[in-house]
Amino acid sequence: MWDNIPDVDGEVIDSVDARLAGRLAELRAERGWSLDELAERSGVSRSTLSRAERAEISPTASLLNRLCAVYGRTMSRLLSEVEAEPAQVLRAAEQTVWQDPASGFVRRSVSPPHPGLRGELVEGRLAAGADIAYDRPPVPGLEQHIWVIDGALEVTAGDVEHRLCAGDCLRLRVWGPTRFRCPGPDGARYALVVVLP
């Protein structure tokens, strides 16, 4: 796990967010885009993008998804790019855990990150009542396998809703909007296998 670091005012900034902010700024700079151009491409306000690149806010899952779509990356790949070096074995205590404070979504990158490989394994946790909508996939045609370990999960892809209970597995290719919802009464824990097209 990453440690927390103090900012110039002495407040603590999560170093994951700090490194993520730096990588987001790098990706924009690599393309030669202004904040206005990125705002137009992503549908995210210029001020939100600026604050995310300066680590003044922790980006939500929805915001990261929009940026991943613009940059042609999965969320796992983006998060792996702020890791030091890829490893073959990733111990449980070293797995990157990221939380979206707005929705309570907790995401653990289980498989060792590697930019040259197409598959990733992620553990997701949603609290009862949590509802996350993505307006587009980070990479069109992304293959996903969603295996519910505990609780229930409703996954909507396009206009089709799938209600999944513990042990159920859904396989799909994502081309448009998706939604992950935990109807309760308990939280949901699921494994997500993501394969680039």
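**Entry 1: Arg23 and Glu30**

I began with Arg23, which counts as buried at 12% relative accessibility. The model is predicted, and I read every value below with that in mind. I then looked up the partner of Arg23 and found a salt bridge with Glu30, the closest N and O atoms being 3.1 Å apart. Is Glu30 buried or exposed? Glu30 is exposed, with a relative accessible area of 52%. I noted the cut-offs here: buried means under 20% and exposed means over 50%. So this salt bridge joins a buried arginine to an exposed glutamate.

**Entry 2: around Glu56**

I went on to Glu56, which is partly exposed at 43% relative accessibility. Which residue forms a salt bridge with Glu56 at 2.9 Å? I found Arg54 there, 2.9 Å being the distance between the closest N and O atoms. Arg54 counts as partly exposed, at 48% relative accessibility. Glu56 also forms a salt bridge with Arg51, with the closest N and O atoms 3.6 Å apart. Arg51 is partly exposed as well, at 38%.

I then looked for salt bridges that share partners and found one network made of Arg108, Glu123, Arg125, Asp150 and Arg189. For the structure I wrote down a total of 17 salt bridges.

**Entry 3: the sheet of six strands**

I traced an open sheet of six strands and wrote its order as β3-β4-β5-β12-β7-β10, with antiparallel pairing. Which strands lie at the edges? They are β3 (97-100) and β10 (169-174), each of which pairs on one side only. On average, neighbouring strands of this sheet are turned by 25° against each other, direction ignored.

Inside this sheet I checked β5 against β12. Strand β5 covers residues 119-126 and strand β12 covers residues 188-195; they run antiparallel and are joined by eight bridges. In this pair I found Val122 of β5 opposite Leu192 in β12.

**Entry 4: the sheet of four strands**

I also traced an open sheet of four strands, in the order β6-β11-β8-β9, again with antiparallel pairing. Its edge strands are β6 (131-134) and β9 (160-165), and each pairs on one side only. Here the average turn between neighbouring strands is 15°, direction ignored.

How many bridges pair β8 with β9? I counted six, in the antiparallel sense, with β8 spanning residues 152-157. Glu154 stands opposite Arg163 in β9.

How values were computed: Residues numbered from 1 in each chain as written. Predicted model: local features only at pLDDT ≥ 70, side-chain atom pairs only at ≥ 80, totals over all residues. Heavy atoms only, no water. Pairing = 2+ DSSP bridges. Helix = DSSP H or I, 4+ residues; strand = E, 2+ residues; numbered from the N terminus. Axes fitted to C-alpha atoms, helices over the stretch in contact; angles between N-to-C directions. Salt bridge = Lys/Arg side-chain N within 4 Å of Asp/Glu carboxyl O. Buried < 20%, exposed > 50% of the residue type's maximum accessible area, 1.4 Å probe, protein only.
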